[in-house]
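Biologist: I'd like to learn how to read the unusual backbone spots and the empty spaces in a model. Can we go through them one at a time?

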Amino acid sequence: MQPNKRGAGIPASATLTISAKARQMTAAGVDVVNFGVGQPDFPTPPHIVEAAVTALQGGAHGYTPTAGTPAIREAVAANLSKLSAVDYAPTSVFVSNGAKQCLHNLIQVLVDPGDEVVVPSPFWVSYEPIVQLAGGVMKLLPTHLADGFKLTPDQLREAITERTKVLILNSPSNPTGAAYSAAELEALAEVVLAHPHLAVVSDEIYRRLTYDGFTHVSFAGLSPETAARTFVVDGVSKAYAMTGWRIGYAAGPAEVIAAAIRYQDHTTSCASAGSQAAAVAALTGDQTPVATMLKAFTERRAVVLERIAAMDGVSVHPPQGAFYAFCDLQGLGPVGEDDGPFCDNLLAQAHVAAVPGYAFGAPGHVRISFACGMDRLVEGLDRFERFIHENPRNPQR
Ligand SMILES: Cc1ncc(COP(=O)(O)O)c(C=O)c1O
């Protein structure tokens with residue numbers, strides 16, 4: 001039995017594939033340093049776990065309302081309202097099984113077959129399948145290390161056609177760590193607002209993880225006009241070390257949010273009740289653990305940047321947010337252009353798992369996640385450097 005064309009066309013997630021390979025090797029007794037994985041190495045803070053235990057012991061065993069419990073919708077609305085020029089009502093929020101499912105729901109109810117979705121590239125690996133599953137057409141707008149991997153208003157203006165329905169903005173970005181300032185977003189907003197048929201899906205999942213004093217700005221928060229066009233997507237996975245709890249949420253204009261909730265009625269019904277209680281504790285409780293994790297990421301980021309700067313042929317733009325270093329390998333010569341085999345060989349020979357740039361639309365790069373402990377980070381960077389020295393040109397041939 002074969003899947004249909006749509007099923008056959010869905011690519012495996014490069015990040016999950018590399019993590020699975022690394023796990024298999026680890027299970028077989030190989031000491032692998034996993035730079036592939038996009039999740040904090042910290043446990044979920046205890047007060048959040050306790051909130052879930054209390055909820056479960058108190059009987060939170062059933063379905064919740066599709067869009068989330070009243071408590072979580074209220075907590076999310078209050079939290080996101082701090083970001084925005086308008087107050088989000090709890091009814092303009094829905095909660096889902098991770099930010100990933102929020103993105104799915106929104107794209108399914110915003111994009112008709114043949115509609116274009118504009119995405120700055122490099123881009124997060126799941127955007128393309130999410131758009132394609134809705135019948136949409138990805139229009140990639142390349143950005144480069146030299147420009148800090150940021151989309152310019154001119155690029156956006158030139159890309160928009162009558163069929164362009166959505167701009168996906170991801171700030172801070174996975175994989176590049178690029179984060180847009182208020183002035184940069186305002187310049188993009190001018191273009192967006194000139195096209196009334198264009199919505200913005202603003203993926204802000206890394207908004208709490210920024211560096212060097214960078215203050216996150218939400219596209220929705222620029223003005224009531226941008227808020228009326230924007231669907232903010234966020235969640236607890238990254239900042240609260242809760243990737244496995246599967247809670248994300250989105251907020252935006254009412255009719256589309258209502259459609260996204262109806263879509264969820266018929267797909268997953270709701271997010272897990274216990275996880276929703278945990279997420280309420282994350283959003284409303286003590287924020288010290290977020291600061292503690294951010295401090296650790298900041299220290300690791302400094303180490304990665306220092307070590308990469310000392311490696312001939314490898315360059316990196318300092319990430320302003322998230323926990324990835326997106327390294328340009330093109331200075332290594334042909335090796336860099338072929339990043340798939342580069343990463344295969346890096347894993348096979350040096351036992352370091354990292355994600356090839358082509359998965360993010362940027363061949364010739366490699367993404368290193370520094371969401372791993374400092375010891376492992378240093379060990380992995382040592383191996384990475386040795387691998388480059390030992391394979392100065394093209395290690396796969
Ligand atoms: C840019 C981006 N958006 C969304 C997600 C999905 O997050 P969640 O775990 O909440 O589904 C990720 C996870 O890697 C991500 O990197």
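Modeller: Start with proline 122, which sits in the loop between S3 and helix H6 (127-133). Keep in mind that this is a predicted model.

Biologist: What kind of peptide bond joins serine 121 and proline 122?

Modeller: The general idea comes first: most peptide bonds are trans. The one between serine 121 and proline 122 is cis, with omega at about 5 degrees.

Biologist: And which way does the bond from asparagine 174 to proline 175 go, cis or trans?

Modeller: That bond is cis too, with omega near 25 degrees. Proline 175 belongs to the loop between S5 and helix H8 (182-193).

Biologist: How do I read phi, then? What is the phi of serine 269?

Modeller: Most residues other than glycine have a negative phi. Serine 269 isn't a glycine, yet its phi is positive, about 70 degrees. You'll find serine 269 in the loop between helix H10 (254-265) and helix H11 (273-284).

Biologist: Now the empty spaces. How many cavities of 30 Å³ or more are there?

Modeller: A cavity is a space where a 1.4 Å probe fits but cannot get out. Here the count comes to two. The largest cavity holds about 120 Å³ of space. It is lined by 17 residues, and Pro120, Pro122, Asn170, Ser173 and Tyr180 are the closest to its centre. So one of our cis-bond residues, Pro122, turns up again in that lining.

Biologist: Which strands feed the lining of the largest cavity, and what classes of residue are in it?

Modeller: Strand S3 (116-121) and strand S5 (164-170) each give at least two residues. By class, the lining has 11 nonpolar and six polar residues, with no charged ones.

Biologist: What about the second largest cavity: how much space, and which residues line it?

Modeller: About 30 Å³. Its lining is Leu169, Ser171, Leu185, Ser202, Glu204, His216, Val217 and Phe219. That splits into four nonpolar, three polar and one charged.

Biologist: And pockets? What is the volume of the largest pocket?

Modeller: A pocket, unlike a cavity, is an open set of points. The largest pocket has a volume of about 530 Å³. Its lining takes in 25 residues, with Leu16, Gly38, Lys100, Trp124 and Lys238 nearest its centre. Two elements, helix H2 (14-27) and H5, give two or more residues each to that lining. H2 has the largest share, with four residues. By class you get nine nonpolar, 10 polar and six charged.

Biologist: Where does the ligand sit relative to that pocket?

Modeller: The space taken by the ligand is the largest pocket. The ligand has 13 residues around it, and the closest are Ala99, Asn174, Asp203, Lys238 and Arg246. Helix H5 (residues 98-110) supplies the largest share of that shell, three residues. The shell comprises five nonpolar, four polar and four charged residues.

Biologist: Which polar contacts should I look at, and how much of the ligand ends up buried?

Modeller: For polar contacts, look for N or O pairs within 3.5 Å. A polar side-chain atom of tyrosine 206 is 2.8 Å from a ligand oxygen. A backbone N or O atom of lysine 100 lies 3.0 Å from an oxygen of the ligand. For tryptophan 124, an N or O atom in the side chain is 3.5 Å from a ligand oxygen. As for burial, the ligand alone exposes 390 Å², and the protein buries 93% of that.

How values were computed
Residues are numbered from 1 along each chain as its sequence is written. This is a predicted model: local features need pLDDT of at least 70, side-chain atom pairs count only at pLDDT 80 or more; totals for chains, interfaces and linings use all residues. Side-chain values use heavy atoms; hydrogens and water are left out. A residue is near a molecule or strand if one of its heavy atoms lies within 4 Å of it. A polar contact is a pair of N or O atoms within 3.5 Å; within protein, one must be able to donate a hydrogen and the other to accept it, and residues adjacent in sequence count only if both atoms are side-chain atoms. Accessible areas come from the Shrake-Rupley method with a 1.4 Å probe; for residues, only the protein chains shown count as cover. On a 1 Å grid over the protein atoms alone, a cavity is a set of points where a 1.4 Å probe fits but cannot get out, and a pocket is an open set with protein on both sides within 12 Å along at least five of seven lines; lining residues have an atom within 4 Å of a point. A molecule sits in a cavity or pocket if more than half of its atoms lie within 2 Å of its grid points. Ala, Val, Leu, Ile, Met, Phe, Trp, Tyr, Cys and Pro count as nonpolar, Asp, Glu, Lys and Arg as charged, and the others, Gly among them, as polar. Grid points are joined across faces, edges and corners, and a volume is the space filled by probe spheres set on the points.
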